[in-house]
Each structure stands twice: as structure tokens, then as C-alpha cells.
Amino acid sequence: MEQLRQLFRFIKEGKGKIFVMVFSSLVFLFFLFPFDDLSDLISSQVSKLSNNTVYVQFDKLKMSLFPQPGVKMDQVYIESIRTPALSAQELVITPSVSGIIQQKPYGHVSAKGLLKGDVDLHVGKGTKTENGVERQRLEVSAKKVSLHDLRELANLPVLLKGQLDLQTTALADLSFQEQPDVELDLTISKFELPPSNVNTPMGPLTLPDLKLSTVELKGRLAAGRFIIETGTIGKPGDELYGSIKGNIGLNIVNNGGAFSHQIGAYNFEIDLKTKKSFQDRAALFLTFIDGYKTPTNEGSQYKFKVSATNPMMPPSIGAAR
């Protein structure tokens, strides 16, 4: 008991010195410590933890204490053997205190200049599935992302240009034992599709060049099926303007840490209005749906549905309801 009294007396009498010592330690840690020298160490650790599949480099590293502990990296460059290289002007990682305690990947990641846009990711605790599988809640916000850079990252077969804005919320088991539930709201402005050729179940298909003011899509992914609730292609005055709704099978598969997707049966209803200038340029492409054409003052209107039980099979095309 006497030792405890002496300890309290020491703290009381020396609280000024203790405050200066703690304050000095924090100043050194967050302002004077040469974090930039840790670049090589962090890069090697990321490489080691990813079995030499991911490499990270950056110019500057800073740490912050308020309002939340976090780390900021400038001029970040990420290489992966599975995807093209990525870069960002600034990457800020703010882990959640509760996530650190529970050893869960909760927190906030902000990336400026990623795919030439800004991306925010929030990860928190989500609800469990009916089978008791724990899920995380992911909220993703993206602004002015380059569609061209995103196309290269996803290795899509057609050339695309434009700027993408995205708002999405997902409940997902990050090991993907079960399929996630996702709400998605997407807008593409200044959309451009240069002339290109794509392989289809019916053979090579030539796509005409196309420019649209905007493309808007709102949908949800549930039980391995993506449902387009509202889809708008272009605006009145564009060469092509219309709407699309329907659904398509979409499953995310975890192959030993390498994620891929499987596309299944689909069914869409499409309503398009075209100007004569686009019809002349896309005559071959529009041949497949000529039977569902109605003349208009400026060109034609096409109302049809397209479906297939397998994406590798030729689609069935019919009149829309």
C-alpha cells in the first residue's frame, strides 16, 4: 500500500514532466520520425504477405492521430501479377478502432487520382446470412473515373471512353462462400464507343462508333442474379436514345484467392430510338432487329427482347411486350 501511495505522489508531483515526455514522444512519432525511410520495408512486407503477387511503392508516408489514427501515402504505385498496374496521387488509410480490436478489416480508404478519378471505400460490420456466415458492409463511392482505364483493368474486349460516377452498397462475405447482396447506382458521362469488333456466339460482330451524352444504370445483385431496375441509354437529341431493363446471372467465384465471375442466363427488354445518321452507320448491326422497327420522324424505334440460357449460345430475339 505504501508503494502505491508513493507512485501516486510521484505522478502528482511530476505530472508536468510526464506530460512533456508524452507530448515530445508523440511529436517525434508523428512529425519527426522519418516515415519515408519505411517505404522499402513496407513494400517488402506487402510482397511477402501476398506471396510475391503484389508490389507497392510510394514517395511519401505520413501518419496522423486526430481525428482518427491513419496513414497517408503520396504517389502510390501498385503492381499485381493478376491485374494491370495501378497508381494514385494520394492514398489515405484510416482503420477503425473497433476493427483493430476485433482484428477485422473495418475502416476507410480514400484514393485520389485512382483511374484518373477519386474513390472512397468504407468497410464496416454487416449482418449475417441465413446460414450464419459473417458479412462486411462495403460502401463505395467513385467520381470521374476514366472508363478507358477501368476497361484496361477489367480486360474488356471493346474500347470504351467516358467518365464514370458510382455509388454502391454491398453486404459481402469477403471469402465469397455465399454470393453478396449489392445495390448499385451508376452514371457514365461523355460515353464513347469507337468502331470495334467483338466475338459473339453468332460470329464476329462489328460495332459502329457511338457517342452518348450519358448512360445511367440502377440495379441490384441478389442470389447470384443482377437485376437492372432502370437503365437509360443516351438523352433525347443523341443519335441513340432508349431504355433497358431485365436481369442476368452473375456469380463471383473464389479460386484460391483469385476471384473471377461466371455469367449465366439473361433476359432483357430494350426500347431504342435512333436517328437516320446512326442507322446508316450501323446498318449491318441493326439487321438483327429490323423486324422490330417502327419508323419515326427522325429515324426509327426498335422495341424487342433478347434472352439466352447461356451466354455462349446464340440469343433469342423477339417482340417486347
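Student: Which residue forms a salt bridge with D209?

Tutor: Start with the general idea. Side chains of opposite charge can pair when their charged atoms come close. Now the case here, in a predicted model. The partner of D209 is R281, and their closest N and O atoms are 2.8 Å apart.

Student: Where do D209 and R281 lie?

Tutor: D209 is in the loop between strand 11 (203–207) and strand 12 (210–222), and R281 is in helix 6 (residues 276–281), so the bridge ties together parts 72 residues apart in sequence.

Student: Are D209 and R281 buried or exposed?

Tutor: Neither label fits. D209 has a relative accessible area of 30%, so it counts as partly exposed. R281 is partly exposed too, at 33%.

Student: Which residues are linked with D209 in a network of salt bridges?

Tutor: The network links D209, E239 and R281.

Student: How many salt bridges does a search of the whole structure find?

Tutor: The search finds 9. One of them joins the side chains of R135 and D181, with N and O 3.1 Å apart. R135 sits in the loop between strand 6 (117–125) and strand 7 (136–146), while D181 belongs to strand 9 (residues 181–193), so this pair ties together parts that are 46 residues apart in sequence.

Student: Is R135 buried or exposed?

Tutor: Buried means under 20% relative accessible area. R135 has 9%, so it counts as buried. Its partner D181 is partly exposed, at 31%.

Student: What is R135 in contact with?

Tutor: Set aside its neighbours within four places in sequence. The contacts of R135 then include K125, G126, K128, L171 and D173. T127 is also among them. The backbone oxygen of T127 lies 3.0 Å from a polar atom of the R135 side chain.

Student: Which residue forms a salt bridge with D290?

Tutor: K293 does, with the closest N and O atoms 3.8 Å apart. D290 is partly exposed, with a relative accessible area of 36%. K293 is partly exposed as well, at 36%.

Student: Let us turn to strands. How do strand 4 and strand 5 run?

Tutor: They run antiparallel. Strand 4 covers residues 86–95, strand 5 covers residues 107–114, and 6 bridges join them. To read such a pairing, look for residues that stand opposite each other. Here P95 stands opposite G107 of strand 5.

Student: Over how many bridges do strand 5 and strand 6 pair?

Tutor: They pair over 7 bridges, again in the antiparallel sense. One example is H108, whose bridge partner in strand 6 is H122.

Student: What do strand 5 and strand 6 form?

Tutor: They form a hairpin, with 2 residues between the strands. Check the backbone of L115 in the turn: its phi is positive, about 55°.

Student: And what should I know about side chains along a strand?

Tutor: In a regular strand the side chains alternate between the two faces of the sheet. For a strand residue to look at, try K62.

Student: In which strand does K62 lie?

Tutor: K62 lies in strand 2, residues 60–64. At 48% relative accessibility, K62 counts as partly exposed. Exposed would mean over 50%.

Student: Which residues does K62 touch?

Tutor: Leave out residues up to four places away in sequence. K62 then touches G70, V71 and K72. You can also gauge spacing through C-alpha atoms. K62 and V92 are 30 residues apart along the chain, and their C-alpha atoms are separated by 9.4 Å.

Conventions:
Residues numbered from 1 in each chain as written. Predicted model: local features only at pLDDT ≥ 70, side-chain atom pairs only at ≥ 80, totals over all residues. Heavy atoms only, no water. Salt bridge = Lys/Arg side-chain N within 4 Å of Asp/Glu carboxyl O. Helix = DSSP H or I, 4+ residues; strand = E, 2+ residues; numbered from the N terminus. Buried < 20%, exposed > 50% of the residue type's maximum accessible area, 1.4 Å probe, protein only. Contact = heavy atoms within 4.5 Å. Pairing = 2+ DSSP bridges. Polar contact = N/O pair within 3.5 Å; in protein donor to acceptor, adjacent residues only side chain to side chain.
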